[in-house]
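Subject: Structure for you, with notes on its inner spaces

Hello,

Here is the structure I promised to hand over. Please open it next to this email and read along.

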Amino acid sequence: TFSFCFSQSKGISAASQKWVGTWSTAPQLVEKANNPPSPGLSNNTLRQIVHVSIGGDSLRIRFNDEFSTNPVTLNSVHIAVSKGSGTIEPNTERVINFSGKPEITIKPGTAITSDPFQFALQPRTDVAITIYFGDTSPDITGHPGSRTTSYLLTGNEVYKVDFSGAVTADHWYIINTIDVLAPDSAASIVVLGNSITDGRGSGTNKQNRWPDELALLLQTNPGTQQVAVLNQGIGGNCVLGNCLGSSALSRFKRDVISQNGVQWLIIFEGINDIGNARGAEGSANVAKNLIAAYQQMIDSAHVKGILVYGATLLPFGGSFYDSLDHLNARQTVNEWIRNSGRFDGVIDLDKALGDPDNPLKLQAGTDTGDHLHPNETGHRMIAEAIDLTLFLGKSSRIISKPHPDIKK
């Protein structure tokens, strides 16, 4: 529908194109300890680096002020290919507009999307989004677990190529999603998860979280090169209640259903719910409610024709979550994921990363040392455990009988 202003990729007609998310991060209220460093965002310039999955030649970007109590003004926003360490490729730089203007103020509690613009985006590219801010909110919407360095300079430096000497922070602020205009055959996978999906244990600026590793495998497989991966992990997140960030249930519509081009969902979350449960009865109730929550999410996704894959929860023996009650809850949840038949497919990460000699623990070579989070090898093994044929073809499956809401 944007054929009047965009070039067409590889001879594809405008009628057979659609918007598909190529990168996304789940917004949350940033904790004070993770707020922007001095001199702050107001009237200063922030360059943030993101790693996309699929490419395209027409883009739009979503910015989010959902959790802030004050407006945030973007005086000027640019995008360019990143060359690393805060430096951009200047001949790729583009100015981004909003309703034809370079400046916009985002009202608190809302998100906005830029005008579509042309940009030659190659798959798995690092791109730099540079924002010269006006006034901002003291409570900021963002994503603390970026595992990627952002660069802050005083004043208006939006045109600057090299941000050497900038104040740095490994957090994202305000940015939310990048969509590309892609062939109708393209689609995205949304991964709903907690700190493991968010990248805990992966390398800073290495872009090797397990969803990144999955995107790499999809790109190297001819049948899945138009499949994007959208990482909706939040460190410390819970499914049932608000731990860090909104609960998976309450953010489901925004982070899953409302994504553009989503065709598949991987649910890999619940370990923090179990880890925070108390006693045998509390742990058993959490397991029961997690199962009900999974069913609720499956039904919501199926109504939209989205296939849902369940990933079993990893072992945590020896970690700060380790207890017999928590172990029993995890076993209950994993057995349901494997055997209930409610998921459209099962990704058995428990089996893939568990120690063959002690299945209650992570394999030694995959463990960061806290016995809960996989290291870089573990992240790669998670991706390698996923059958890429799960992401071939489309579904129009609709489930007419919803399961009851979970009981609080």
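Below are my notes on the cavities and on one helix.

Keep in mind that this is a predicted model.

**The cavities**

How many cavities of 30 Å³ or more are there? The count comes to three. The largest has a volume of about 190 Å³. Its lining is made up of 20 residues. Closest to its centre are Trp23, His51, Arg209, Asp212 and Asn231. Which elements give two or more residues to this lining? They are the strands β1 (17-24), β3 (45-51) and β18 (227-233), along with the helix α2 (210-220). By class, the lining has ten polar, seven nonpolar and three charged residues.

The second largest cavity holds about 60 Å³ of space. Look for Asn194 and Ile196 in its lining, then Phe268 and Ile271. Leu313, Leu314, Pro315 and Leu372 line it too. Here seven residues are nonpolar, one is polar and none is charged.

**The helix α2**

Now go back to α2, which helps to line the largest cavity. This helix is mostly covered, with eight of its eleven residues buried. Which ones are buried? Start with the run Trp210, Pro211, Asp212, Glu213, Leu214 and Ala215. Then add Leu218 and Gln219. Asp212 is thus a buried residue of α2 and also one of those closest to the centre of the largest cavity.

What do the buried residues of α2 pack against? Their partners include the strands β3, β17 (187-193), β18 and β19 (262-268). The helices α1 (195-198) and α8 (376-384) are partners as well. Two of these strands, β3 and β18, also give residues to the lining of the largest cavity.

Best wishes

Terms used:
Residues are numbered from 1 along each chain as its sequence is written. This is a predicted model: local features need pLDDT of at least 70, side-chain atom pairs count only at pLDDT 80 or more; totals for chains, interfaces and linings use all residues. Side-chain values use heavy atoms; hydrogens and water are left out. On a 1 Å grid over the protein atoms alone, a cavity is a set of points where a 1.4 Å probe fits but cannot get out, and a pocket is an open set with protein on both sides within 12 Å along at least five of seven lines; lining residues have an atom within 4 Å of a point. Grid points are joined across faces, edges and corners, and a volume is the space filled by probe spheres set on the points. Helices (H or I, at least four residues) and strands (E, at least two) are DSSP runs, numbered from the N terminus. Ala, Val, Leu, Ile, Met, Phe, Trp, Tyr, Cys and Pro count as nonpolar, Asp, Glu, Lys and Arg as charged, and the others, Gly among them, as polar. Buried means under 20% relative accessible area, exposed over 50%, partly exposed in between (1.4 Å probe, protein chains only). Contact means heavy atoms within 4.5 Å.
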